[in-house]
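Open the model in a viewer and keep the selection tool at hand. The stops below say what to select next and what is there.

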Amino acid sequence: MPKINDFDSEAQYYDLLEKKNQPSFNLIVDFLEKLFKKNNSKTILDVTCGTGAQAIPLAKRGFQTVGSDIGKKLLTIARRKSKGVSNIKLVHGDVRYTKFGKFDAVISMLNSLGYLNKKDFRKALININSNLKEDGLLVFDNTNKTCLDIGNFTADKIIDTAGEDNRTKFVRFCKSKYDKKSGIITTKWETVIQRNSQKPLEASGIWKRQTYTIEDLKSIFRQTGFQLENVYDRSLEKFEDRKSFSYLIVARKTSALGK
Ligand SMILES: C[S@@+](CC[C@H](N)C(=O)[O-])C[C@H]1O[C@@H](n2cnc3c(N)ncnc32)[C@H](O)[C@@H]1O
């Protein structure tokens with residue numbers, strides 16, 4: 001049976017498949033560093049840190065960082081990678097429920113909140129609100145429903161990622177469909193990983209991602225105690241609603257009630 005949204009069971013290949021060791025990932029961290037310095041945000045909570053792609057470099061750049069994830073194996077990898085980094089704590093938690101303290105900013109990158117259904121997304125925002133100090137910042141990214149609705153979507157089977165790293169070859173195929181009414185992208189993925197000339201490891205699964213328009217987000221923010229502050233294209237270029245496939249959102253906590 002395919003597993004749904006289960007990054008943890010593939011934890012040992014996560015960094016390989018997501019090419020987490022590539023320098024391009026630093027662009028987002030550079031952006032976050034600049035934003036947090038401008039806003040005097042010193043304490044950062046990454047609620048879906050995975051193997052630490054953003055949390056570890058932010059800690060290295062001097063922010064007091066807590067990284068949390070529901071995936072225990074992913075956290076084990078993050079702990080290994082952050083050995084010797086002093087201002088990071090990595091703790092197991094669920095973005096929908098866990099209370100970590102009060103932070104200047106919360107981040108959730110690489111579509112992580114998109115893997116939650118609409119009800120859980122709301123729960124997550126209310127819980128994030130309660131983990132933020134007054135006027136705290138929330139930064140996350142997701143796929144732009146407006147852009148999908150006007151037909152910017154490919155349903156073909158594609159090679160989503162492929163390469164070779166440290167004598168391990170890898171390829172992931174993805175075939176997606178988009179349901180305009182629900183805003184859900186369903187992706188069937190298959191990976192093949194081969195180390196040296198050993199027998200290849202094959203795995204498959206399904207991702208379901210909930211997309212939102214900017215107007216959807218504004219409405220959900222009003223109900224969960226946030227206000228939209230800025231939208232960027234996820235490439236960090238100028239956001240264009242009909243052209244930008246993904247966005248990066250900066251929102252600010254406006255009320256503590258989350259109602
Ligand atoms: C696409 S990965 C992104 C991880 C990391 N931010 C990165 O850029 O590599 C999504 C992450 O969300 C985590 N996740 C999914 N549901 C969660 C939940 N309810 N609470 C906390 N983490 C969750 C997954 O375990 C996974 O690590």
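**The core.** Begin with Ile44, Ala105, Val106, Ile107, Leu138 and Val139: these have the most contacts inside the largest nonpolar core, which has 46 residues. The model is a predicted one. Next select strand 6, residues 132-143, which gives the most to this core, with 5 residues. In soluble globular proteins, nonpolar side chains tend to be buried together.

Stay with valine 139. Which residues does valine 139 touch, not counting those up to four places away in sequence? They are Leu32, Ala105, Ile107, Ile249 and Val250.

**Strands 2 and 3.** Select strand 2 (43-46) and strand 3 (64-69). The two run parallel and are joined by 4 bridges. To find the register, pick aspartate 46, whose bridge partner in strand 3 is glycine 67. Strand 3 is largely enclosed by the rest of the structure, because 5 of its 6 residues are buried.

**Helix 4.** Select residues 72-81, which make up helix 4, and highlight Leu74, Leu75 and Ala78, which are buried. Why do they lie on the same side of helix 4? They cover an arc of only 100 degrees around the axis, and this puts them on the same side. Now colour Lys72 and Arg80: these exposed residues sit on the face of helix 4 turned away from its buried side. To see what the buried residues of helix 4 pack against, show helix 1, helix 3 (55-60), strand 3 and strand 4 (88-92).

**Two residues with positive phi.** Most residues other than glycine have a negative phi. Two loop positions depart from this and can be selected as a pair.

- Asparagine 40 has a positive phi of about 55 degrees although it is not a glycine. Look for asparagine 40 in the loop between helix 2 (26-38) and strand 2. Is asparagine 40 buried or exposed? Asparagine 40 is exposed, with 7 other C-beta atoms within 10 Å.
- Leucine 110 also is not a glycine, and has a positive phi of about 65 degrees. Its loop runs between strand 5 (103-108) and helix 5. Leucine 110 counts as buried, because it has 21 C-beta neighbours inside 10 Å and 20 or more are needed for that label.

**Arginine 96.** Go to the loop between strand 4 and strand 5, where arginine 96 is found. Arginine 96 is partly exposed, with 18 other C-beta atoms within 10 Å. Add isoleucine 128 to the selection: arginine 96 and isoleucine 128 are 32 residues apart in sequence, but 7.8 Å apart in space, C-alpha to C-alpha. Leaving aside neighbours within four places in sequence, the contacts of arginine 96 are Asp120, Lys123, Ala124 and Asn127.

**Strands 8, 9 and 10.** Select strand 8 (residues 168-179) and strand 9 (residues 184-195), which pair in the antiparallel sense over 12 bridges. One pair to label is threonine 168 and arginine 195, which stands opposite it in strand 9. The two strands form a hairpin with 4 residues between them, and glycine 183 in the turn has a positive phi of about 75 degrees.

Now add strand 10 (residues 201-210). Strand 9 and strand 10 pair over 10 bridges, again in the antiparallel sense. In this pairing, isoleucine 184 stands opposite glutamine 210 in strand 10. What is the phi of asparagine 196 in the hairpin of strand 9 and strand 10? Asparagine 196 takes a positive phi near 50 degrees, in a hairpin with 5 residues between the strands.

**The two domains.** For the last stop, colour by domain. The domain assignment gives domain 1 as 8-144 + 212-253 and domain 2 as 148-210. Their C-alpha centres lie 22 Å apart. The contact takes 17 residues from domain 1 and 17 residues from domain 2. On the side of domain 1 that touches domain 2, the elements that give two or more residues are helix 1 (11-17) and helix 5 (118-130). Helix 1 gives the most to this side, with 3 residues. Colour the residues of this side of domain 1 by type, and they divide into 8 nonpolar, 5 polar and 4 charged.

Notes. Residues numbered from 1 in each chain as written. Predicted model: local features only at pLDDT ≥ 70, side-chain atom pairs only at ≥ 80, totals over all residues. Domains from an automatic or database assignment. Contact = placed C-beta atoms within 7 Å. Nonpolar A, V, L, I, M, F, W, Y, C, P; charged D, E, K, R; others polar. Buried ≥ 20, exposed ≤ 12 C-beta atoms within 10 Å, placed from the backbone. Arc of directions from axis to C-beta. Core = buried A, V, L, I, M, F, W, Y, C linked by C-beta atoms within 7 Å. Pairing = 2+ DSSP bridges.
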